[in-house]
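Biologist: I've got the sequence and the fold open in front of me. Can we walk through a couple of spots together?

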Amino acid sequence: MTRTVYVNGQYLPEHAAQISIFDRGFLFADGIYEVSAVIDGRLVDNDLHLARLERSLREIMIPLPLPVAEIMKVQAELIRRNELREGVVYLQVTRGAADRDFGFADGMQPTFVAFTQAKNLRGAASVQNGVAVDVIEDQRWARRDIKTVMLLAQVLAKKQAKAKGFHETWLVEDGFVTEGASSTAYIVTADGKIVVRPNSHAVLPGCTRQAILKIAEDLDALIEERRFTVEEAYQAKEAFLTSASSLVTPVIRIADRTIADGKPGPITRRLQTVYLELALKNSEPLL
């Protein structure tokens with residue numbers, strides 16, 4: 001089946017979709033993106049993702065291309081047209097097209113594209129068995145709280161990690177883990193506390209992170225929002241990462257150090273289970 005995508009108000013077969021070569025997203029990475037998971041034809045944490053889309057656009061002075069309710073309709077229509085049971089819906093908004101100039105005019109018409117990707121989320125080997133993550137210095141810009149399409153540092157970090165046999169890379173600045181190249185990083189201490197870096201300009205405010213911390217609080221788990229070092233991560237009882245497409249993924253090795261017994265831990269497993277249960281319970285089927 002040919003995939004249907006959305007481009008500036010039109011639903012098109014993917015081979016017919018086009019944007020201008022003068023689009024500022026192409027020329028300057030001048031744009032924002034979001035990714036929402038789809039499980040059993042249901043959008044997961046979508047309200048959190050659309051709220052973050054709004055915030056990111058506001059931070060770089062791009063208007064919403066459509067009201068949020070209309071963006072939700074686009075997502076739902078793409079899920080229906082592509083019969084997506086499990087995977088993601090990708091949204092991208094750029095400042096729009098104009099002759100190349102670092103400056104930009106007020107009132108530009110944003111470019112808005114969206115598409116689906118079918119993926120095995122729940123049954124992925126990474127989610128079931130855990131992953132190894134590499135550790136490298138963080139080389140990104142200072143406003144990592146804005147979800148821009150400017151991802152070259154992450155692209156190169158992931159390429160390097162894959163070449164060395166790792167699933168993901170944890171980025172480090174001043175000796176402290178900031179986050180993964182495309183995920184939020186967590187450790188569980190010997191006394192059972194879940195440690196995650198607090199939100200700031202240094203990290204992206206993860207939507208799955210927000211949901212997981214609420215679940216952990218409801219389960220009376222101990223949570224510490226603070227920075228942690230690579231050495232502390234090596235000594236952790238458990239470690240895991242989260243994102244829209246990786247859900248809750250156990251981390252069983254960091255660089256050359258095996259975490260605990262090298263198997264997903266009970267706190268991670270509990271969070272995985274409850275997160276999926278609530279994600280399905282709190283969302284409406286779109287198919």
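Biologist: Which residue with a positive phi follows helix 6?

Modeller: Keep in mind that this is a predicted model. Helix 6 covers residues 207–218. Just after helix 6 comes a residue whose phi is positive, near 60°, and that is Asp 220.

Biologist: How far does helix 6 reach from its first C-alpha to its last?

Modeller: Helix 6 has twelve residues, and at 1.5 Å a residue you'd expect 16 Å. The model comes close to that, with a reach of 17 Å.

Biologist: How is helix 6 oriented relative to helix 8?

Modeller: Helix 8 is residues 266–281, and its axis comes within 10 Å of the helix 6 axis. The two axes cross at roughly 110°. Angles of 65 to 115 degrees fall in one class, so helix 6 is roughly perpendicular to helix 8.

Biologist: How many residues are nonpolar in the contact of helix 6 with helix 8?

Modeller: From helix 6, Thr 208, Ala 211, Ile 212, Ile 215 and Ala 216 take part, and they meet Leu 271, Val 274, Tyr 275 and Leu 278 in helix 8. Those five helix 6 residues are also listed as buried. Sorting the contact by type gives no charged residues, one polar and, for the nonpolar count, eight.

Biologist: Over in strand 6, is Thr 116 buried or exposed?

Modeller: Thr 116 touches several residues, including Leu 78, Val 88 and Asn 82. With Asn 82 there is also a side-chain polar contact of 3.3 Å. The relative accessible area of Thr 116 is 3%, and the cut-off is under 20%, so Thr 116 is buried.

Technical notes. Residues numbered from 1 in each chain as written. Predicted model: local features only at pLDDT ≥ 70, side-chain atom pairs only at ≥ 80, totals over all residues. Heavy atoms only, no water. Helix = DSSP H or I, 4+ residues; strand = E, 2+ residues; numbered from the N terminus. Expected span 1.5 Å × (residues − 1). Buried < 20%, exposed > 50% of the residue type's maximum accessible area, 1.4 Å probe, protein only. Axes fitted to C-alpha atoms, helices over the stretch in contact; angles between N-to-C directions. Parallel < 35°, antiparallel > 145°, perpendicular 65-115°, else oblique. Contact = heavy atoms within 4.5 Å. Nonpolar A, V, L, I, M, F, W, Y, C, P; charged D, E, K, R; others polar. Polar contact = N/O pair within 3.5 Å; in protein donor to acceptor, adjacent residues only side chain to side chain. Lists of a residue's contacts leave out its neighbours within four places in sequence.
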